[in-house]
Amino acid sequence: MILSKARTARVVLIAALSLISASLYAQRPQQKPVSEERAYLNSMFDNIKGQKIFETVRHLSDSTLYQGRLSGSAGMLRAVEWVENKYSEFGLETFEGLNGYRQDYPTVCDEVVGKCYVKVDGKKAVWARDWYSGGTSANGTIEAEVVFAGYGVTAPDLGYDDYEGIDVKGKIVLIEGETPNTSRNDDTLRMWYPYTLHQHKVENAVKHGAIGMLYRWVPGPNNGYDPSFVYAYVNYSLADKFFEGRGKNMSETMRQIRSEKKPASFATGKKAKLKMTMRHNPNAQGHNLLGFIKGSDPVLCNEYVVLSAHLDHLGMVPHHIAGANDNNSSTACLLAVAEALSKSKVKPKRSVIFLTLDGEEAGLTGSIYYCGHPVVPAEKVKYILNLEQIGIGDGFSTGTKYDSREIAKYLLDANEKYIHRPVFDSPKKYVTRPRTDGVVFMKYGYPTVDIFGFGGESYYHEPRDTWEIQDPSVLEDAAQLLYWSIINAANAD
Ligand SMILES: [Zn+2]
């Protein structure tokens with residue numbers, strides 16, 4: 001109700017603006033220059049169109065061409081080339097010292113190159129319902145007894161060890177992501193931080209002699225690699241088979257571990273067989289893409305505002321997950337804004353950088369690399385707006401570092417004036433372990449706003465994240481909101 005009223009108001013406002021400027025034109029066509037706002041609006045209406053953005057999302061979700069855009073893969077490189085061509089079509093400028101728009105960096109790529117399966121007690125598990133291939137699994141087939149090892153954490157400094165009292169030598173461990181810590185207190189989070197890393201789970205399992213893992217977590221290429229360690233991601237539907245007859249399923253057991261801060265590991269007596277056909281490439285390349293529109297002010301053009309979004313996703317696990325919302329929705333909106341600003345008759349005072357990031361899913365490798373190798377001095381960057389999964393929802397949620405919340409104003413003002421969707425602002429207290437590129441930027445001291453779509457039915461790291469359920473009207477509103485936020489920040493005093 002509130003939404004539709006607000007949207008009606010917006011349409012009326014825009015219609016009124018058009019009428020006013022049309023009548024001004026009619027009276028004094030020569031004397032009255034097009035106002036700056038009118039020029040931005042013209043370009044917005046010409047270039048930011050929901051259906052067109054939707055088509056971009058659909059294109060980047062192509063399974064044959066891009067194969068899920070795994071960082072370091074051939075599919076990702078084709079996506080990079082496609083976006084690069086768009087940058088060039090819009091006439092974005094390049095930075096000196098880069099490879100055209102590309103900021104290349106070394107990375108590692110583990111890719112599925114053949115058949116994968118998971119069997120429990122001889123029965124094949126169902127892909128996506130029960131399991132996904134391990135993003136950084138070794139190549140190989142293993143069969144062994146499964147031992148439940150809680151969170152897979154050994155934290156001597158915290159007096160906690162999921163491996164105490166169990167023998168996992170030559171076995172497959174079944175573990176859950178994260179740690180038993182439930183506190184959101186910064187200091188406590190910092191203490192548990194090293195054990196939250198997926199890499200710790202693999203290293204620790206290998207150290208205890210395990211040969212493989214069933215990891216109850218969403219699929220992704222962000223994990224440790226060990227040439228002798230084969231693993232798969234599993235859902236509770238499969239994991240619970242190892243808890244049959246125990247009175248508690250896996251999630252209830254995890255809840256018990258969290259509340260008692262006491263491990264509950266046990267040998268399950270059941271066997272699993274995993275086959276993962278993988279290729280490990282330690283010499284792969286990542287590619288961030290940077291293009292910019294030069295600011296119109298002779299002094300302020302040496303300052304920058306940045307619109308960023310990660311382009312990569314999970315690759316084939318072993319079947320296709322499109323990552324339409326995560327994060328083609330954002331790439332598509334970023335391109336729409338780049339097109340509208342590049343074709344606008346007026347340009348903002350500060351320069352605007354469009355940055356697509358590689359390797360977000362592989363452990364934020366692209367944003368971390370950028371922060372270590374910035375193309376403009378960090379203190380000249382006045383604002384970064386980082387986009388995550390914005391094609392679905394009734395509104396938006398934004399995250400800023402808790403001590404720099406005022407920078408959300410560019411976006412909140414734009415929303416109030418033009419978009420009228422609910423925006424939920426949440427400060428991020430804790431940036432020790434970033435989960436988004438935006439938080440990486442915050443950690444490095446950049447004034448950054450993370451923006452997500454909020455509400456609606458979205459799917460995360462699973463095959464239902466397809467272009468079909470993207471909403472063109474949401475994409476259009478998101479791109480318009482980003483457009484005005486960037487203009488506001490780039491023109492601010
Ligand atoms: Zn993701």
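**Figure 1. Coordination of the zinc ion in the predicted model**. The zinc ion is coordinated by OD of Asp326, by OE atoms of Glu361, listed twice, and by NE2 of His461, at 1.9 to 2.7 Å. Because the 4 donor atoms subtend angles of 53 to 151° around the zinc ion, the arrangement is irregular; a tetrahedral assignment would require all angles to lie between 85 and 135 degrees.

**Figure 2. Placement of the zinc donors along the chain**. The donors follow the spacing D-x34-E-x99-H. Aspartate 326 belongs to helix H10 (residues 324-343), whereas histidine 461 is found in the loop between strand E18 (448-454) and helix H14 (472-491); the pair therefore ties together parts that are 135 residues apart in sequence. Aspartate 326 is buried, its relative accessible area being 2%. Histidine 461 also counts as buried, at 5% relative accessibility.

**Figure 3. The buried residues of helix H12**. In helix H12 (residues 409-419), the buried residues are Tyr410, Leu411, Ala414, Asn415, Tyr418 and Ile419. They lie on the same side of H12, because they cover an arc of only 130° around the axis. In an α-helix there are 3.6 residues a turn, so residues three or four places apart point the same way. Histidine 420 follows H12 and has a positive phi, near 60°.

**Figure 4. Surroundings of serine 73 in the loop between helices H4 and H5**. Serine 73 is located in the loop between helix H4 (63-66) and helix H5 (74-89). Serine 73 is buried, with a relative accessible area of 7%. The side chain of serine 73 reaches the backbone oxygen of leucine 70 at 2.6 Å. Apart from neighbours within four places in sequence, serine 73 is in contact with Cys109 and Glu111.

Note on methods
Residues numbered from 1 in each chain as written. Predicted model: local features only at pLDDT ≥ 70, side-chain atom pairs only at ≥ 80, totals over all residues. Heavy atoms only, no water. Donors = N, O, S within 2.8 Å, 3.2 Å for Na, K, Ca; no water. Tetrahedral: all angles 85-135°; square planar, octahedral: opposite > 155°, others 65-115°. Helix = DSSP H or I, 4+ residues; strand = E, 2+ residues; numbered from the N terminus. Buried < 20%, exposed > 50% of the residue type's maximum accessible area, 1.4 Å probe, protein only. Arc of directions from axis to C-beta. Polar contact = N/O pair within 3.5 Å; in protein donor to acceptor, adjacent residues only side chain to side chain. Contact = heavy atoms within 4.5 Å.
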